[in-house]
Amino acid sequence: MSEAADQIFATLKQSSQSGAPLYLQLRKSIEDAVNRGLIGPGDALPSERDIASKADISRVTVRKAVQDLVKGGILVQRHGSGTFVAPRMERVEQSLSRLTSFTEDMARRGMAVRSAWLDRGLYAPSPDEMMVLGLSSNELVARVARLRIANDTPLAIERAALSASVLPDPAGIGSSLYAALETTGLRPVRAVQRISAANLGGDDARLLEVPPGIAGLHIERISYLASGKVIEFTRSIYRGDAYDFVAELRLSGPGEEGRP
Ligand code: 16G
């Protein structure tokens, strides 16, 4: 059995006098071991059976403690490979004054970017898409939905919709939507972004590898060409524990009051 496990059980024995329910004692021991750095981000936790036999408690008790820590985001469970200490999140600070792409934002920070495709194709547009993109019911919408991953950590789910006349082959965009739009001279030059709080539903939480119900950010971006035509309508879910959006505010000059 690993050194880390021995350390967890050492703290468990020390605290076992406290009279608190066993699963709470075990939960605290594991939490302390993580906080003290005895087990670090990405380290595997010993199996439920190993913990139960070493600490002389039932597997049901171990499972309850572990489930609590998974819910709290301290541990993560990966099907088939076990339970691990959750990766420590480096918060990403994102300016709200520049119209950049995810690929550019992460590259600027020296992070390795990749995406997992969730959907790409041409569809009949939804009423929202028709309204925002100015499509009629006999036109098609191109949808590009991706899980955006930086340094192996999933940060956001982005679902972009564009007119099929702008993006006739959504599967052909490569790794960057904005780079693809740039090649056809259709990269947006202006965008309006609406950010609101959202608790992550089960499916989104699973993709983002966070406990369901945890805080996230719902972001809607509508981007425009210089002509004023809407080019992109993207709805995204960002991890609340990973992103800080930062806006610079200025006192408006004389005669500018109330200007957007
Ligand atoms: C950003 C945009 C998203 C855009 C994407 C293009 C936000 C909230 N969203 O993530 O609207 O589609 O960049 O990224 O900022 P790409 O060029 O790397 O595909």
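**Exercise 1. The ligand and its oxygen partners**

Task: In this predicted model, find which part of Y178 lies 3.0 Å from an oxygen atom of the ligand, then work outward through the other residues around the ligand.

Solution:
- Step 1. Start at Y178: a backbone N or O atom of this residue lies 3.0 Å from a ligand oxygen atom.
- Step 2. Move on to R148, where a polar side-chain atom is 2.9 Å from an oxygen atom of the ligand.
- Step 3. Look at Y238 as well, since a polar atom of its side chain lies 3.2 Å from a ligand oxygen atom.
- Step 4. Now take in the surroundings: 15 residues lie around the ligand, and T103, E158, S176, R221 and E232 come nearest.

**Exercise 2. The rings around Y238**

Task: Work out which residues form one aromatic cluster with Y238, and decide whether Y238 is buried or exposed.

Solution:
- Step 1. The structure holds three aromatic pairs. One of them joins Y238 and Y243 edge-to-face, with 4.6 Å from centre to centre and 85° between the planes.
- Step 2. Another edge-to-face pair links Y238 with F245, at 5.9 Å centre to centre and with 70° between the planes.
- Step 3. Put the pieces together: Y238, Y243 and F245 make up one aromatic cluster.
- Step 4. Check the accessibility of each member. Y238 has a relative accessibility of 8%, so it counts as buried. Y243, at 4%, is buried too. F245 reaches 22% and therefore counts as partly exposed, because buried means under 20%.

**Exercise 3. Charges over rings**

Task: Identify which ring the charged end of K64 sits over, and do likewise for R190.

Solution:
- Step 1. Follow the K64 side chain to its charged end, which sits over the ring of Y23, 4.2 Å from the ring centre.
- Step 2. Repeat with R190: its charged end sits over the Y224 ring, at 4.3 Å from the centre.

**Exercise 4. T83 and its neighbours**

Task: Say where T83 is placed, whether T83 is buried or exposed, and which residues T83 touches.

Solution:
- Step 1. T83 belongs to strand β2, which covers residues 82–85.
- Step 2. With a relative accessible area of 13%, T83 is buried, because the cut-off for that class is under 20%.
- Step 3. Leaving aside residues up to four places away in sequence, T83 touches D43, A44, L45, V66, L75, V76 and Q77.
- Step 4. Among these, Q77 also makes a polar contact with T83, side chain to side chain, at 3.4 Å.
- Step 5. View the contact from V66: beyond four places in sequence, V66 touches L45, L75, Q77 and T83.

**Exercise 5. The cores and helix α4**

Task: Find which element gives the most residues to the largest nonpolar core, then examine R63 in helix α4.

Solution:
- Step 1. The largest nonpolar core has 17 residues, and L26, I30, I39, L45, V62, V66 and L75 have the most contacts inside it.
- Step 2. Three elements give two or more residues to this core: α2 (22–35), α3 (48–55) and α4 (59–71).
- Step 3. The top contributor is α4, with five residues.
- Step 4. A second core, separate from this one, has 13 residues, including V144, L167, L177 and A180.
- Step 5. Return to α4, where R63 is found. R63 is partly exposed, with a relative accessible area of 39%.
- Step 6. Finish with the partner of R63: a polar contact of 2.6 Å joins its side chain to that of E48. The two residues are 15 apart along the chain, and their C-alpha atoms are separated by 6.8 Å.

Methods:
Residues numbered from 1 in each chain as written. Predicted model: local features only at pLDDT ≥ 70, side-chain atom pairs only at ≥ 80, totals over all residues. Heavy atoms only, no water. Helix = DSSP H or I, 4+ residues; strand = E, 2+ residues; numbered from the N terminus. Buried < 20%, exposed > 50% of the residue type's maximum accessible area, 1.4 Å probe, protein only. Polar contact = N/O pair within 3.5 Å; in protein donor to acceptor, adjacent residues only side chain to side chain. Contact = heavy atoms within 4.5 Å. Core = buried A, V, L, I, M, F, W, Y, C linked by side-chain atoms within 4.5 Å. Phe/Tyr/Trp six-rings, centres within 6.5 Å; stacked < 30°, edge-to-face > 60°. Lys NZ or Arg CZ within 6 Å of the ring centre and 35° of its normal. Near = heavy atom within 4 Å.
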